[in-house]
Amino acid sequence: MPTSLNRILLICFLLFSLVARGAAQTHKQDAHAGSLYRELVTMDSLLFRAFNARDLDGMKKYFSTDLEVYQDNTGFRSYGETMASFKELFTKDYVLTRELVQGSMEVYPIQDFGAIQTGLHVFSHMEDGEMVRGTFKFLHVWEKTREGWKIKRLITYDH
């Protein structure tokens, strides 16, 4: 008798495991496709169109006012410090531009909150008559708010 009960429990466990695994795979999203991915591609494009145009006011609408920025070579910055840094950058003689590395962006949903965006981007500017380019890694935590998508946490590294 205990052997039949053990078999039934084992079968139930295996069935439950298969169903749970199938459900998990069904909910896993392709990090390079889907409506969320397309939304974040659009948000990334709008944010950095404003950056490349040196439009600080245009950029501000894409950041949460409780923004936290972490950068490996400059440390931590708050929203106010980050906006002040952009403002100063936009007064430089050279024009720094940003371009997303094609195919590098990945997007992962955060349930009931927003999304994680990762990728590579290239920043370029002319210096002493030569184009200077740097490719860096980034991670943005986007929050979907009533006002739209906002970057709440920004991490840039590998400088």
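In the predicted model, S64 lies within strand β1, which spans residues 63-71. S64 has a relative accessible area of 10%, and because residues under 20% are counted as buried, S64 falls into the buried class. When residues up to four places away in sequence are not counted, S64 touches Y79, K150, I151 and K152. The adjoining residue F63, with its neighbours within four places in sequence likewise left aside, is in contact with L47, Y79, M83, F86, K150, I151 and L154. Y79, K150 and I151 thus appear among the contacts of S64 and also among those of F63.

F63 also figures in the largest nonpolar core, which holds 29 residues, and of these L40, F51, M59, F63, L67 and F86 touch the most other members. At least two residues of this core are supplied by each of α2 (35-52), α3 (56-60), β1, α4 (79-89), β5 (114-127), β6 (130-145) and β7 (148-157). The largest share, eight residues, is contributed by α2. In soluble globular proteins, nonpolar side chains tend to be buried together.

Strand β1 and several of these elements also take part in a second feature of the model, the largest pocket, since at least two residues of its lining come from each of α2, β1, α4, β5, β6 and β7. This pocket has a volume of about 700 Å³, and of the 29 residues that line it, Q71, L89, L96, F123 and H159 are the closest to its centre. The largest share of the lining, six residues, is provided by β6, whereas the largest share of the nonpolar core is that of α2. By residue class, the lining of the pocket consists of 15 nonpolar, 12 polar and two charged residues.

These features are set within a chain of 159 residues, 33% of which are buried. The chain contains four helices and seven strands, and from the N terminus on its elements follow the order α-α-α-β-β-α-β-β-β-β-β. Among the contacts between residues at least 6 apart in sequence, 52% join residues at least 24 apart. The accessible surface of the chain amounts to about 10400 Å², and 57% of this surface belongs to carbon and sulfur atoms.

Note on methods
Residues are numbered from 1 along each chain as its sequence is written. This is a predicted model: local features need pLDDT of at least 70, side-chain atom pairs count only at pLDDT 80 or more; totals for chains, interfaces and linings use all residues. Side-chain values use heavy atoms; hydrogens and water are left out. Buried means under 20% relative accessible area, exposed over 50%, partly exposed in between (1.4 Å probe, protein chains only). Contact means heavy atoms within 4.5 Å. Accessible areas come from the Shrake-Rupley method with a 1.4 Å probe; for residues, only the protein chains shown count as cover. A nonpolar core is a set of buried Ala, Val, Leu, Ile, Met, Phe, Trp, Tyr and Cys residues joined through side-chain atoms within 4.5 Å. On a 1 Å grid over the protein atoms alone, a cavity is a set of points where a 1.4 Å probe fits but cannot get out, and a pocket is an open set with protein on both sides within 12 Å along at least five of seven lines; lining residues have an atom within 4 Å of a point. Grid points are joined across faces, edges and corners, and a volume is the space filled by probe spheres set on the points. Ala, Val, Leu, Ile, Met, Phe, Trp, Tyr, Cys and Pro count as nonpolar, Asp, Glu, Lys and Arg as charged, and the others, Gly among them, as polar.
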